[in-house]
Protein chains: 2
Amino acid sequence: MKASDRAYASLRDDIVEWRLAPGTVLGEVEQAERLGVSRTPLREALARLTAEGLATAQRGRGVVVSDVSLAHLGELFELREALECKAASLAAQRGDRARFAALRDRLLAAPALLTDEDPQRSEYYALAAELDSAVDGAIANTYLSQSLEGLRVHLARVRRLAKDDAARLRQAAAEHAAIAGAIAEGNAPLAAAATAVHLNNSLNHIKSVQIHLPRPEDSTGPAVRTVPTHSTRPSAPREASHG
Amino acid sequence: MKASDRAYASLRDDIVEWRLAPGTVLGEVEQAERLGVSRTPLREALARLTAEGLATAQRGRGVVVSDVSLAHLGELFELREALECKAASLAAQRGDRARFAALRDRLLAAPALLTDEDPQRSEYYALAAELDSAVDGAIANTYLSQSLEGLRVHLARVRRLAKDDAARLRQAAAEHAAIAGAIAEGNAPLAAAATAVHLNNSLNHIKSVQIHLPRPEDSTGPAVRTVPTHSTRPSAPREASHG
DNA sequence: TTCGAGGCTTGTGTATACACACCTCTCGGC
DNA sequence: GCCGAGAGGTGTGTATACACAAGCCTCGAA
């Protein structure tokens, strides 16, 4: 594997797993030494992270780990609603119904996975990822799939804010099952609606749990895509409204 | 300005303006010499292009200008519908109504801009860009704005396929005016619907004009985002269905 | 004591050199 | 005559050195 790939994967994991906190300055020399690569591949890794929105290039200070805040969370979920509702709708039109029916049944049985023996809930999250993957395959749209993929990186990072308890995960499993069921029935509007419901509940859950976040005022500006030379709006985002 | 920025901007323009055709191999040494920069900043430029989806990294052959085909166009417009409908909806909820009312009126008067003295239709496209910009400002969502911005690069490239005539542009202006009007009224569902109508008409227009495209079979795989190591699906996309 | 200017230090931006991998062409063997 | 292996060449991947810009600390003057 290329050194730049290793550096990218390592930094990406460190950010998603919160080993690198938001606001951390990613000095080229420092990170290059830490990861055991030279500055050239590290710069490529930083460029990819910046393009993905996990890091932000700041004038003079170099690249810093991008901020995550409740304010940005509303924005993130608005984009998520746009993409995932569309994806669910397309999957309902094009997907393999049997596959989604099977996923629905497994999701309905998911509460059994939430045992004390799996504190990481890895089995549950694997099942949710399987649904994501099935939707990806069903929509047959590279642009949309890759946008979703880019979004999921941010969502994995945000998951640490959610502090999902067993009750919430049971509810989420039911919501996922509803989505899978709607897709299995080929009911596109229902699939989109079920997705909207699920996202709304997810966001409300995170908001109810996480009232305060570190550094809500220092907005380094989130980014979900490469932005050539683009304005980073410092204003406060409004309340997200789903409907 | 940094050399990498210059290289990026230059290559980006060359691709969007079709001076670099799809499938063109962007050799590092060759392009570095052509643009008068060293390989290091050029590699950064190529990485940004690849992240944006204008170029695709191919194993062994380096980076090539990504392909554009009618098949991919349907996928692109599906993503566009997801993002722009959401954006229009949010703008209707949050936008400055007077601003959009003014835009609506100017768009209704836009057919007067389509004179023979402006074969590039630059005034018209500037007005359309102004609507985009107003929506961007109104939605107050950095994630969504940047996703839209990334999309517009591809749309500018595709515009060359559209061969918009005056009749189509007059119709498009009316559709844009409908969108602006719905936003001005604060009617979110109507704004989304008007956007869906406009996109559907745009896509159908392009399809009706461009039946055949160069190299529809050699699918180098489009990408609208950075993709770490991601599957490029070779299958043919289905018909886009809007509504 | 405070403000400003200048030098130092740190870090990014760029160029270039080197290593390695893959592709290709050719030659030899079957 | 065809297939395979090896050598050469092209091009990417990586490391490193150098230049420059920005920030900071310090020293001097008001």
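Which residues line the second largest cavity? In this predicted model, where local features need pLDDT of at least 70 and side-chain atom pairs count only at pLDDT 80 or more, totals for chains, interfaces and linings use all residues. Residues are numbered from 1 along each chain as its sequence is written, chains are lettered from A and ligands numbered from 1 in the order in which they are written, and side-chain values use heavy atoms, with hydrogens and water left out.

The second largest cavity is lined by A:Tyr143 together with B:Asp67, B:Val68, B:Ser69, B:His72, B:Leu73, B:Leu76, B:His154, B:Arg157 and B:Val158. A cavity is a set of points, on a 1 Å grid over the protein atoms alone, where a 1.4 Å probe fits but cannot get out, and lining residues have an atom within 4 Å of a point. The structure holds 3 cavities of 30 Å³ or more, and the volume of the second largest is about 70 Å³, a volume being the space filled by probe spheres set on the points, with grid points joined across faces, edges and corners. At least two lining residues come from each of α4 (70–94) and α7 (142–162) of chain B, where helices are DSSP runs (H or I, at least four residues) numbered from the N terminus. The lining comprises 5 nonpolar, 3 polar and 2 charged residues; Ala, Val, Leu, Ile, Met, Phe, Trp, Tyr, Cys and Pro count as nonpolar, Asp, Glu, Lys and Arg as charged, and the others, Gly among them, as polar.

The second largest pocket (an open set with protein on both sides within 12 Å along at least five of seven lines) holds about 1100 Å³ of space. Of its 40 lining residues, B:Arg80, B:Tyr125, B:Leu155, B:Ala156 and B:Arg159 lie nearest its centre. α7(B) gives the most to this lining, with 10 residues, and the lining as a whole has 21 nonpolar, 6 polar and 13 charged residues. The pocket lies between domain 1 (3–65) and domain 2 (70–209) of chain B, because both give residues to its lining; the domain bounds come from an automatic or database domain assignment.

DNA strand D is surrounded by 14 residues, the closest being A:Ala3, A:Ser38, A:Thr40, B:Arg39 and B:Arg43, where a residue is near a strand if one of its heavy atoms lies within 4 Å of it. Polar contacts are pairs of N or O atoms within 3.5 Å. A polar side-chain atom of A:Thr40 lies 2.9 Å from a base nitrogen of DNA strand D, and an N or O atom in the side chain of B:Arg39 is likewise 2.9 Å from a base nitrogen of this strand, whereas the side chain of B:Arg43 places a polar atom 2.8 Å from a phosphate oxygen. α3(A) gives the most to the surface near DNA strand D, with 3 residues.

Around DNA strand C there are also 14 residues, of which A:Arg39, A:Arg43, B:Ala3, B:Ser38 and B:Thr40 are the closest. Sugar and phosphate account for 55% of the atoms of DNA strand C that come within 4 Å of the protein. Phosphate oxygens of this strand lie 2.8 Å from a side-chain N or O atom of A:Arg43 and 2.7 Å from a backbone N or O atom of B:Ser38. The largest share of the surface near DNA strand C, 3 residues, comes from α3(B).

Note on methods:
A polar contact is a pair of N or O atoms within 3.5 Å; within protein, one must be able to donate a hydrogen and the other to accept it, and residues adjacent in sequence count only if both atoms are side-chain atoms.
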